[in-house]
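User: Hi! I am new to protein structures and would like a close look at a single part of this one. Could you walk me through it?

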Amino acid sequence: MSAVVSTKRVTVPEIRAHKNDKPVVCLTCYHAHTARLLDDHVDLMLVGDSLGMVMHGMENTLGVTLEMMIAHGKAVMRGSKHALVVVDMPFGSYEESPQVAFRNAARVIQETGCTAVKMEGGTRIAETVRYLSERGIPVMGHIGLTPQMIQVMGGFKTQGRTEAEWPAIEADARAIAQAGAFAVVLEGMAEPLAAKITRDIAIPTIGIGASAECDGQILVMEDMLGLNPHPPKFVRQYASLGADIEEAVKAYAKDVRARSFPGKENVYSMKKAG
Ligand code: KIV
């Protein structure tokens with residue numbers, strides 16, 4: 001019997017083929033050990049710039065650099081074999097022009113080995129999405145609540161709460177799809193609007209705080225595992241790892257203080273002479 005394990009990754013056309021089919025399972029991932037754990041169970045891992053807050057304790061994503069994204073992208077690629085890995089383009093790395101975006105995205109692809117990049121924005125970045133897609137860089141869009149625009153939006157606010165806001169957001173979705181993005185994240189969006197966009201555009205929509213009707217869902221992994229003491233309201237908790245870690249650390253501290261380590265005589269015993 002062959003012991004060869006397939007190392008074929010999920011491809012961009014395979015993600016596109018989920019449109020109106022089985023939901024796409026996505027999670028964020030920033031490091032090798034968790035990538036290994038997620039790999040067989042998700043279709044797509046996003047090395048999101050949310051790592052600025054989650055991994056680096058930043059207040060928002062604006063301070064995240066291309067170097068940080070590349071370092072975490074490499075780690076996730078090393079830890080995974082199956083899922084399609086998408087790396088976020090951080091604030092300041094793609095907005096200036098399609099050419100600058102291409103150069104930086106090509107660096108991300110070449111240095112990490114990931115398959116695709118994600119960029120925030122709708123109509124205003126459509127030309128860039130087209131430029132990259134036509135030159136071999138698959139792009140995932142991200143519209144609705146776009147955290148890199150936090151200073152302009154004045155906070156993290158659900159988008160499309162009044163129907164008057166809908167046409168602009170729908171135009172963003174159409175522009176990104178028509179420019180060649182292979183999927184688009186709909187974040188923090190009124191439910192009926194996200195459902196309507198999902199019905200209206202030809203590429204998979206990936207919801208986060210949007211609608212169960214989306215073609216897939218994504219969450220920040222640490223939020224759904226209970227590691228964030230203040231997760232967004234829409235996040236369903238699948239584990240309480242924060243509490244588990246605290247309990248484990250308490251037990252460890254107790255053992256250290258009691259000089260109680262199982263097997264310590266083996267670990268620390270000195271080699272007998274002769
Ligand atoms: O940075 C991130 O984690 C994201 C997801 C929330 C979609 O963009």
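At what angle do helix H8 and helix H9 pack, and how far apart are their axes?

Analyst: Happy to help! This is a predicted model, in which local features need pLDDT of at least 70 and side-chain atom pairs count only at pLDDT 80 or more, while totals for chains, interfaces and linings use all residues. Residues are numbered from 1 along each chain as its sequence is written, and side-chain values use heavy atoms, with hydrogens and water left out.

Two packed helices are described by the angle between their axes and the distance between the axes. Helix H8 covers residues 166-178 and helix H9 covers residues 191-200; they pack at about 35°, and their axes lie 10 Å apart. Helices here are DSSP runs of H or I with at least four residues, strands are runs of E with at least two, and both are numbered from the N terminus. The axes are lines fitted to C-alpha atoms, for helices over the stretch in contact, and angles between N-to-C directions run from 0 to 180 degrees.

The crossing of H8 and H9 is right-handed. That word applies if the near helix is turned clockwise from the far one by less than a right angle, and left-handed if anticlockwise.

Now for the residues that meet. H8 brings Trp 166, Ile 169, Glu 170 and Ala 173 to the contact, and H9 answers with Pro 192, Leu 193, Lys 196, Ile 197 and Asp 200. Contact means heavy atoms within 4.5 Å. By type, the contact of H8 with H9 holds six nonpolar residues, no polar ones and three charged. Here Ala, Val, Leu, Ile, Met, Phe, Trp, Tyr, Cys and Pro count as nonpolar, Asp, Glu, Lys and Arg as charged, and the others, Gly among them, as polar.

To place this pair in the protein, look at the domains, whose bounds come from an automatic or database domain assignment. The assignment gives domain 1 as 12-239 and domain 2 as 242-274. Over C-alpha atoms, the centres of domain 1 and domain 2 are 42 Å apart.

To recap, H8 and H9 pack at about 35° with a right-handed crossing, and six nonpolar and three charged residues make up their contact.
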